[in-house]
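Biologist: Before we talk about labels, could you put the model on the screen, and then take me through the reasoning behind the terms you use for it?

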Amino acid sequence: MFAYIVRRSLYAIPVLIGVNLITFFLFFVVNSPDDVARMHLGAKRVTTEAIEKWKVEHGYDRPLLYNRSEAGVDRLTDTIFFDKSVRLFVFDFGSSDSGRDIGADISQRMWPSLAIALPQFIFGLLAYISFAILLVFFRGTYLDLSGVILCVVIMSISALFYIIGGQYVFSKLMHLFPISGYEPGLQAWRFVVLPVLIGLFAGLGTSGRIYRTFFLEEIGKDYVRTARSKGLSEPGVLFGHVLRNALVPILTGVVVVIPTLFMGSLIMESFFGIPGLGSYTIDAIKNQDFAIVRSMVFLGSVLYILGLLLTDISYTLVDPRIRLS
Amino acid sequence: MTFQPLILWTDALVFLLVVLVLLFALYARNHEHLRAPWRSVVRSRIAVASLIVLAAYTLVGLMDSLHFRKALPMQTGQQEVQYEATALSVLDLLLGPIRTQDEKTYSAPFATHLYAKEYLLDSDGRRVRGFPRLKYGGAHLADPVHDKGPDIRARVLHSLVQALLVVAVLSLLVTAALARRWRQPLATAAQTILRGRGAVPWRTALLMLALVILLVTLIANLSAAWHVFGTDKVGKDVLYQSIKSIRTGLVIGTLTTLIMLPFAVFLGMMAGYFRGWVDDVIQYLYTTLNSIPGVLLIAAAVLMMQVYMANHPELFETMAERADLRLLFLCLILGITNWTGLCRLLRGETLKLRELDYVQAGNAFGVSNFRIMLRHLLPNLMHIVMITVVLDFSGLVLAEAVLSYVGVGVDPTTLSWGNMINRARLEMAREPMVWWSLLAAFGFMFTLVLAANLFSDAVRDAFDPRLRAQR
């Protein structure tokens, strides 16, 4: 087990190097730092001095890959590639284009993100599984059919609609929750409830339907028939046998998103004005702060790879038949 | 009036796609394993109904993909004909006046007066604050308060009659054609259709068609004198914007797939067929791309493209071309983030297929690897490709709206539902609220995505019998 985890973690290294090279290529090769500086300074006739000044201020004034003017190791380390890309491997994100410390920002902003994402994840899992098992219990009836139709309709509506509509109905008309904003500490719950509820509803279509097929797949198997032929009641079959087995694909499927919960939801946070990592990223995109976008791309990839690793491990934990090799 | 056809990049690709689809349809006609599932698709009532909705959207999208530029009137002493800078499409011609009939600012659906107060001169020549009459919406009425209801009713009735006529003629034609094919008298064929018998649900198809035709006549009659969905902040007709957005949605939903398909199919097949280091390289490639969160990769790429476009304005002749290239690039980058799933599926299936006897036999006879992939593997992977293409479509249409909100979507000058929603977001906070652009955009998008979802369900059930058994 331990050896496997080590091996898998080692396998993640070339992937991360690949991610790093892609971001480096995107941010520095497609457009030279000069182009970026010109873009930031805005005006069409920017003097070369202004560009040079901006580049020095933000640390873009060095060569991309190889510094001829330095000696020894510095030839490789005193470059943009080393300073802006390689440092990401030790989570040294540097400072943003507006001069803020990205690492500090991230560690401060991940808590509001978690406050939204974690309840949404846990309650979502409970709600979707209950919904799916309800449909499966009444399978073949009109309740099942209307449930499936509801799922298709829900997933055909843009998530933006739920957010805008929910904000309008619950905050503006009924004054149940504040429209947007956030407060740290326990007072946060007032700001968290509405985004979580909206997120739960928006995800019902896709997840509810998939979980329903997981249950149906399980219900067609032989052991279920055996259980029925032995005289078990339908709830007994469903909750005693089918639920436990269908949880295997459901749980292993969601493990991959657990690490990425930190990243927050881009649109949800930005609509509700929650100072998490999602709105951080959106603001960075809107302000064209490339340093932040670069850091978030890297962070997102690390978390995703971590999620894949956890998925593999969780398979062995819930299903002893699978051996890691 | 002279005009100059203008073929934008996406136009060319859209029509290439149409040609490919037609070629594929011809190919599938002669191959029973592809034909049979499609036959069972058109036997499902839901699939037929959604297919007609999709066809209506596609027709609008195709008409909107035929662009041209009108010639400017000749100045004296001018040798060459000059053309207008803005590109029009055939759809613009059909939509006629609603493109140009702009009001001053917001007006509600079927409004006769503006939504914002202005200083007006009353009959005595004094300045009072009030809602001015619209320039076009209901302008033909002398007494808007009393005549509005009857006018709208008359127009609805008019369109009902028109639609009824068209549908009657159309149904008669369809019935006659079917009667010939089934070798039945006309009356018997009509009975079969009306009772909903026969393999293909013609009754559903005709009903849905009638609904679409009714909507078309309603829009045609009502929008001639009213702003059916109101106007937006700068007075543009919202209905016009929603209809023009159809093309953008369709282009993103289809061209993305067209772009990613060659990569996904060939890399997936190569990885599964050659195995060894080729497999390792391709797997590494898609794991790496896949591990970057999609939205962030798109955001990064689009930001970089913006920088590039800002620094190289000389590459783009007109605004339309610039917006068009940006749309194409968005499709490209969406394709890059999307191909990994299909590639992995195809790799897995190829791994299974390559062990089968006929592939082994091909190897033993010395058939070249490329030929085996093309002749023996690809046809047997087609069903996976088709399911994925259809399933991806609705997700891509929805993604456009989110991306436009984040600010990395289509060009702000391109008409798209995402841009409409993005602009309308602040209008919800206005007092009194402006809700129509938002609702129109969501409504148009919902219809398309729902039809696509229902259709893709039917396609998946038809091509994947294992799943059908579970339903």
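Modeller: This is a predicted model, and I would begin with helix α13 of chain A, whose buried residues pack against α6 (102–137), α12 (266–272) and α14 (290–318) of chain A together with α10 and α13 of chain B.

Biologist: What makes α13(A), residues 277–286, a helix that is largely enclosed by the rest of the structure?

Modeller: A residue counts as buried if 20 or more other C-beta atoms lie within 10 Å of its own, and 8 of the 10 residues of α13(A) are buried, so the helix is described as largely enclosed. Those residues are Leu277(A), Gly278(A), Ser279(A), Tyr280(A), Thr281(A), Ile282(A), Ala284(A) and Ile285(A). After α13(A) comes Gln288(A), which has a positive phi near 55 degrees.

Biologist: Why does His175(A) count as exposed?

Modeller: The limit for an exposed residue is 12 or fewer C-beta neighbours within 10 Å, and because His175(A) has 9 of them inside 10 Å, it counts as exposed. His175(A) sits in the loop between α8 (159–173) and α9 (189–219) of chain A, and its phi is positive, at about 55 degrees, although the residue is not a glycine.

Biologist: And why is Arg275(B) called partly exposed?

Modeller: Partly exposed covers the counts between the exposed limit of 12 and the buried limit of 20, and Arg275(B), with 14 C-beta neighbours inside 10 Å, therefore counts as partly exposed. Arg275(B) lies in the loop between α8 (238–274) and α9 of chain B, and its phi is near 50 degrees, a positive value in a residue other than glycine.

Biologist: Why is α9(A) called oblique to α11(A)?

Modeller: The axes of α9(A) and α11(A), the latter being residues 234–255, come within 9 Å and cross at roughly 130 degrees. That makes α9(A) oblique to α11(A), because roughly perpendicular is reserved for 65 to 115 degrees and roughly antiparallel for angles over 145. The crossing of α9(A) past α11(A) is right-handed.

Biologist: Which residues of α9(A) and α11(A) meet there?

Modeller: From α9(A) they are Tyr211(A), Phe214(A), Phe215(A), Glu218(A) and Ile219(A), which meet Val242(A), Asn245(A), Ala246(A), Pro249(A) and Ile250(A) of α11(A). By class, the residues of this contact divide into 8 nonpolar, 1 polar and 1 charged.

Biologist: How do you know that chain A departs from the radius of gyration of a compact globule?

Modeller: For 325 residues a compact globule would have a radius of gyration near 20 Å, whereas chain A has 25 Å. Along the principal axes, the C-alpha atoms of chain A fill a box of roughly 85 × 55 × 35 Å, and 33% of its 325 residues count as buried. Chain A has 14 helices and 0 strands.

Biologist: What makes up the side of chain B that touches chain A?

Modeller: In total, 38 residues of chain B are in contact with 45 residues of chain A. The elements of chain B that give two or more residues to that side are α9 (276–291), α10 (294–311), α13 (369–406) and α15 (436–463), and the largest share, 12 residues, comes from α10(B). The residues on this side of chain B divide into 29 nonpolar, 8 polar and 1 charged.

Terms used. Residues are numbered from 1 along each chain as its sequence is written. Chains are lettered from A and ligands numbered from 1 in the order in which they are written. This is a predicted model: local features need pLDDT of at least 70, side-chain atom pairs count only at pLDDT 80 or more; totals for chains, interfaces and linings use all residues. Two residues are in contact if their C-beta atoms, placed from the backbone, lie within 7 Å. Helices (H or I, at least four residues) and strands (E, at least two) are DSSP runs, numbered from the N terminus. Ala, Val, Leu, Ile, Met, Phe, Trp, Tyr, Cys and Pro count as nonpolar, Asp, Glu, Lys and Arg as charged, and the others, Gly among them, as polar. Axes are lines fitted to C-alpha atoms, for helices over the stretch in contact, and angles run from 0 to 180 degrees between N-to-C directions. Angles under 35 degrees count as roughly parallel, over 145 as roughly antiparallel, 65 to 115 as roughly perpendicular and the rest as oblique. A crossing is left-handed if the near helix is turned anticlockwise from the far one by less than a right angle, and right-handed if clockwise. The radius of gyration is taken over C-alpha atoms; the globule rule is 2.2 Å times the number of residues to the power 0.38.
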